Amino acid sequence: KIDGIIVDSKHVDINKIDHIKKEWGWNTDRSVFENFLIHKTFRNSDFGKIVLSNLFSLDIDKEDRKQMIDSVMNYIKDNNQFSTTKFDINPFYEKEEVHFHKCEMIVKSNKIISDLDDRFKKINLESDTSKIFINDFCKHFDLPDFLDFITAGRMGGDTKKCFMHFSAPSNFGKSFLFDGVFNKIGINCVMKESEIKAAYKGSPSGLSINSLVNSWFIFVDEFKSAVSEIKDMSVDIKLTPKFKSQVTVPLYSKIFASAEHVRSLVVDERFVERQFLNRFIFWQEKTGNLDQREVYRKNKRLYFDTIVAFTHDYLRKKINEYLTECSDLYCSSVKANLFIDDFIERRNKRLLPLEDYIFEKIEEFKSNFVIDKFESRILFKDCYFQHEGNIYISNKDKFCDLYLDKTFGDSEKKIIRHKTSSEILELIDNDRKVFKINGKTKAGYLWIEKIIYAVDDCEIKPYKPTRIINKKIMLVS
C-alpha cells in the first residue's frame with residue numbers, strides 16, 4: 001500500500017523505494033534531490049523520471065503510478081530536508097547510511113581505500129624485479145615510515161598533530177609520489193594555498209568533494225608561507241562547491257611541500273618558530289634525484305606501477321592490522337597516537353625553537369655591546385643613549401636593522417625579520433622613557449638596566465645576566 005493505493009508487490013520494488021527514502025535528501029536552498037553516497041543530484045522532474053519511474057511497473061494504472069511517484073518525492077521533501085551536509089567517516093561503521101537532523105544531511109561512511117585498476121593488480125610483488133624496484137625506492141625515500149604516518153592519521157590519530165612540512169630538492173620525486181602514486185590509489189587531495197583561503201572565506205570552490213571525502217591527506221605543493229588559515233585545518237574543512245550548498249568534510253593529515261625554505265618555518269634547517277614546532281612535523285630530504293637512479297631509469301613505467309601496487313598493498317595490510325587489533329575508533333586512536341608521538345619525536349628531535357635562538361643571540365650581543373664600548377657601539381651611535389647606568393634604544397627599527405645585518409646571514413634575516421623589532425631586541429613596548437639630558441629631551445626604550453662595570457687591573461669584566469624580572473635584565477659584574 002503506497003499513498004493509499006493497494007498494488008501487487010510484484011509491480012513495485014519496495015526495497016529500493018525504502019533505500020531511496022533513507023538515502024536521498026531534498027536540498028531546500030537549491031531545490032534539488034541529492035544523494036552524497038553516490039554523489040548524484042537531480043532536479044524535481046528528472047528525479048521522478050530517472051530515479052523513481054523504473055521502480056514502478058508499467059502495468060500499474062498511469063494515474064496511480066504518477067501518484068505513487070509523487071508520494072515518494074513528497075516524503076523526501078517533507079522528512080529529508082537539508083541545507084548543509086556533513087561527512088562522518090569511521091572505518092568501524094558496519095555500513096554506510098544517511099541521517100537528517102536539523103536541516104543537515106549527515107553522511108556516515110566506512111569507506112577507507114578503493115581497489116586498484118587492473119593495470120596495477122597484474123604486478124607480482126614477490127617477483128625479483130618488483131623487489132629490486134621496491135628496495136631501490138625505499139632507499140631513496142623512507143616510504144614505509146611515511147605510509148605508517150598517514151595510516152595513523154586516517155585511523156583515528158590526533159589530526160591536530162598531523163601537519164607536515166615536506167621539504168625536498170627539485171627532481172627528488174615529489175610529483176612521482178604525490179601526483180602519481182597516491183593519486184592512482186585515490187587517497188590524496190591536491191589543494192592550492194588560494195583554495196584554502198577561499199574555503200575559509202566561504203567562497204565557492206572548484207574542489208571535488210568526492211576526492212576530498214576519499215582522501216587520507218591534503219597535499220599543498222609549492223608552499224610559500226604559513227597562512228593563518230592553516231590553524232583552522234585541524235579537524236575538518238567547510239567547502240561551498242560551485243552550485244552546491246556548504247559541505248563539511250573531515251581532514252586527516254595535512255602535507256605542505258616545498259623545495260625551498262618557507263618563511264617563518266625553518267632557519268638553516270635548525271630552528272623553527274615555537275608555534276610551528278608545536279604544530280608541524282618536519283620531513284626533510286636534503287639530497288636525491290629520482291631521475292638519476294639507475295634502477296628507475298631502466299624501466300620507469302614498470303618501476304612506477306610496482307611502487308603503486310606495493311603502496312596499496314602496504315596500506316591495506318596496515319588497515320587490516322588496525323581493524324583486527326582494535327574493536328572501535330577509540331581503541332584505534334590509542335594505537336595511532338602512540339605511533340604519531342614517536343614519529344614526531346624522531347622527525348623533530350634536532351630542531352629548536354627560533355625564539356630561543358634569537359634570545360641567545362641578543363644576549364651574546366648585549367654582552368659584547370657592554371664590553372666593547374667603542375668598536376661595537378660606534379655603528380649604533382645614532383640609535384641609543386646611556387643615562388644613569390642604563391642603556392636606552394631611541395630608534396628601535398634602525399637599531400634592529402643594524403643588529404640583524406651585523407649578526408645574521410641573509411637566510412636567517414629573512415625568517416627573523418617578520419618579527420617585530422621589540423621581539424628581536426627583547427624590548428618592552430610600554431617601557432619607553434623620556435629624559436632631559438644636558439638640556440635636550442631624549443626618549444628611548446629601556447634595553448640594559450643598571451650596568452655596573454667592575455674594573456680590575458684596567459680590564460672590564462663581561463657582564464652576566466643573573467635573572468629576568470618582567471623581561472628586564474638585571475646585570476652584575
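Two strands are taken to pair if DSSP finds at least two bridges between them. In the predicted model analysed here, this criterion describes an open sheet of 4 strands, arranged in the order β3-β2-β1-β4 with mixed pairing. The edges of the sheet are formed by β3 (40–42) and β4 (81–82), each of which pairs on one side only. Strand β1 (residues 25–27) runs parallel to β4, and the two are joined over 2 bridges. Within this arrangement, W26 is placed opposite Q81 of β4. In general, the strands of a sheet pair through backbone hydrogen bonds, in either a parallel or an antiparallel sense.

Aromatic contacts were examined next. A search of the whole structure yields 54 aromatic pairs. The pair formed by F146 and W283 has ring centres 5.7 Å apart and planes at 80 degrees; because an angle over 60 degrees counts as edge-to-face, the pair is assigned to that class. This contact links distant parts of the chain, with F146 located in helix α6 (residues 143–154) and W283 in strand β16 (residues 280–284), 137 residues apart. Both F146 and W283 are buried. The ring of W283 also takes part in a contact with a charged group: the charged end of R347 sits over this ring, 3.5 Å from its centre.

A further aromatic pair, between F365 and F369, is tilted, with a centre-to-centre distance of 5.9 Å and an angle of 40 degrees between the planes. F365 and F369 both belong to helix α14 (residues 354–371), where they are 4 residues apart, about one turn of the helix. Both F365 and F369 are buried. Another charge over a ring is found at Y322, where K335 lies over the face of the ring at 5.1 Å from the ring centre.

The interior of the model was also searched for enclosed space. The whole structure contains 2 cavities of 30 Å³ or more. The second largest cavity has a volume of about 40 Å³. The residues lining the second largest cavity are F137, H140, F141, F172, G173, K174, F176 and L177. Two or more residues of this lining come from each of the elements α5 (128–140) and α7 (174–185). Helix α7 makes the greatest contribution to the lining of the second largest cavity, with 3 residues. Classified by residue type, the lining of the second largest cavity comprises 5 nonpolar, 2 polar and 1 charged residues.

Conventions:
Residues numbered from 1 in each chain as written. Predicted model: local features only at pLDDT ≥ 70, side-chain atom pairs only at ≥ 80, totals over all residues. Heavy atoms only, no water. Phe/Tyr/Trp six-rings, centres within 6.5 Å; stacked < 30°, edge-to-face > 60°. Buried < 20%, exposed > 50% of the residue type's maximum accessible area, 1.4 Å probe, protein only. Lys NZ or Arg CZ within 6 Å of the ring centre and 35° of its normal. 1 Å grid on protein atoms, 1.4 Å probe; cavity = no way out; pocket = protein on both sides within 12 Å on 5 of 7 lines; lining within 4 Å. Points joined across faces, edges and corners; volume = space filled by probe spheres on them. Nonpolar A, V, L, I, M, F, W, Y, C, P; charged D, E, K, R; others polar.
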